[in-house]
Amino acid sequence: MLSVINRKGPLLEGIFRKSTCINSCRNLKEKLNSGDRVNCYSKSVHVVACVLKDFLENIEGSLLSSKLYEKWLGVLNEVTEKEKINAAQRLLTQLPKANVVLLRYLFGVLYNIEQQSSSNQMTAYDLSVCIAPSILCPPNTCSLELEDNFIKKASLVQFLIENCLKIFGEDITSLLGENSKSCHNNEKAAVTEKQTVESKPVRVIVISKRAQLQNATKSPCGPSTYMSTV
């Protein structure tokens, strides 16, 4: 699912935000849960994004760990950006390895989407509002989350997206291969290169000479001419 979103999401307006068909989401979720082979590339990207969010929400203890809920919210209390990054990295070391692996893939995709926000209208803030509730939940899931804490949580995820290369490593943007923007640029470059080769101008030199015929002065039409092309 992340691969599909990474490939098609950056140039798709409102990814993670636009509502989609509930039945389509339910059908895709049921097929995935049953173990059936599913070609997610044939599905609507909005449907895939919706099912992914549902999957993240149902990770036991939440992806960022409910046990570290208060500590995650406290990251933004650090003074400098470097201190915030260091605090986030320390908390990552306290997560299960599988969680960290998934987070690296997830934030690599979110970063790629955010980089094309002028096209998809999804800034780091917009993405954080959509994703934050799915990856960090309070320890007591029965209690309603305070609005102030939700704002802090969204701000935290926004910070993680904007600084994910420093936090997770610069290679996270290519873990799932090229995204739609990269592929689009590569295709344009290939076409341009092909056109450059096929349309390369040929230098043509045209030389005009007058034939020095012995009877040129006697010809009623005047001296004859011929054209030679190199």
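These notebook entries record what I looked up in a predicted model of one protein chain.

**Entry 1: Overall make-up**

I began with the secondary structure, and the chain comes to 11 helices and 2 strands. Reading from the N terminus, I noted the order of elements as α-α-α-α-α-α-α-α-α-α-α-β-β. I then looked up burial: of the 230 residues in the chain, 37% are buried. For contacts with a separation of 6 or more, I found that 70% join residues 24 or more positions apart.

**Entry 2: Helix 3**

I turned to helix 3, which covers residues 45–57. Its 13 residues should span 18 Å at 1.5 Å a residue, and I found its end C-alpha atoms 18 Å apart, which agrees. The buried residues that I listed for this helix are V45, H46, V47, V48, A49, V51, L52, K53 and L56. Among the elements that cover them are helix 1 (2–8), helix 2 (22–34), helix 6 and helix 8.

I examined one residue of helix 3, H46, in more detail. Is H46 buried or exposed? Its relative accessibility is 17%, and the cut-off for burial is under 20%, so H46 counts as buried. Leaving aside neighbours within four places in sequence, I recorded contacts of H46 with L12, E13, G14, I15, K18 and T20.

**Entry 3: Helix 3 against helix 8**

I noted first that two packed helices are described by the angle between their axes and the distance between the axes. For helix 3 and helix 8 (residues 124–135), the angle is about 35° and the axes are 7 Å apart. Which residues meet here? From helix 3 I listed K53, L56 and E57, and from helix 8 C130, I131, S134 and I135. Sorted by class, this contact has 4 nonpolar, 1 polar and 2 charged residues.

I followed I135 further. Not counting residues up to four places away in sequence, I135 touches L56, S62, L63, L64, L106, F107 and V157.

**Entry 4: The nonpolar core**

I recalled that in soluble globular proteins, nonpolar side chains tend to be buried together. In this model the largest nonpolar core has 54 residues. I5, F16, W72, F107 and I135 have the most contacts inside it. Helix 6 supplies the largest share of this core, 8 residues.

**Entry 5: The aromatic pair**

I searched the whole structure for aromatic pairs and found 1. How are the rings of F107 and F168 arranged? Their centres are 5.3 Å apart and their planes lie at 20°, so the pair is stacked. F107 belongs to helix 6 (residues 97–114) and F168 to helix 10 (residues 164–168), so the pair ties together parts that are 61 residues apart in sequence. I checked burial for each partner. F107 has 0% relative accessibility and therefore counts as buried. F168, at 9%, also counts as buried.

**Entry 6: Helix 9**

I closed with helix 9 (residues 147–162). Its 16 residues should span 22 Å at 1.5 Å a residue, and the end C-alpha atoms are 23 Å apart, which agrees. I listed its buried residues as N149, K153, A154, L156, V157, F159, L160 and I161. The elements covering them include helix 4 (69–73), helix 5 (81–92), helix 6, helix 8 and helix 10. I also noted that V157, one of these buried residues, appears among the contacts of I135.

Conventions
Residues are numbered from 1 along each chain as its sequence is written. This is a predicted model: local features need pLDDT of at least 70, side-chain atom pairs count only at pLDDT 80 or more; totals for chains, interfaces and linings use all residues. Side-chain values use heavy atoms; hydrogens and water are left out. Axes are lines fitted to C-alpha atoms, for helices over the stretch in contact, and angles run from 0 to 180 degrees between N-to-C directions. Helices (H or I, at least four residues) and strands (E, at least two) are DSSP runs, numbered from the N terminus. Contact means heavy atoms within 4.5 Å. Ala, Val, Leu, Ile, Met, Phe, Trp, Tyr, Cys and Pro count as nonpolar, Asp, Glu, Lys and Arg as charged, and the others, Gly among them, as polar. Rings of Phe, Tyr and Trp (its six-membered ring) pair if their centres lie within 6.5 Å; planes under 30 degrees apart count as stacked, over 60 as edge-to-face and the rest as tilted. Buried means under 20% relative accessible area, exposed over 50%, partly exposed in between (1.4 Å probe, protein chains only). A nonpolar core is a set of buried Ala, Val, Leu, Ile, Met, Phe, Trp, Tyr and Cys residues joined through side-chain atoms within 4.5 Å. The expected span of a helix is 1.5 Å times one less than its number of residues.
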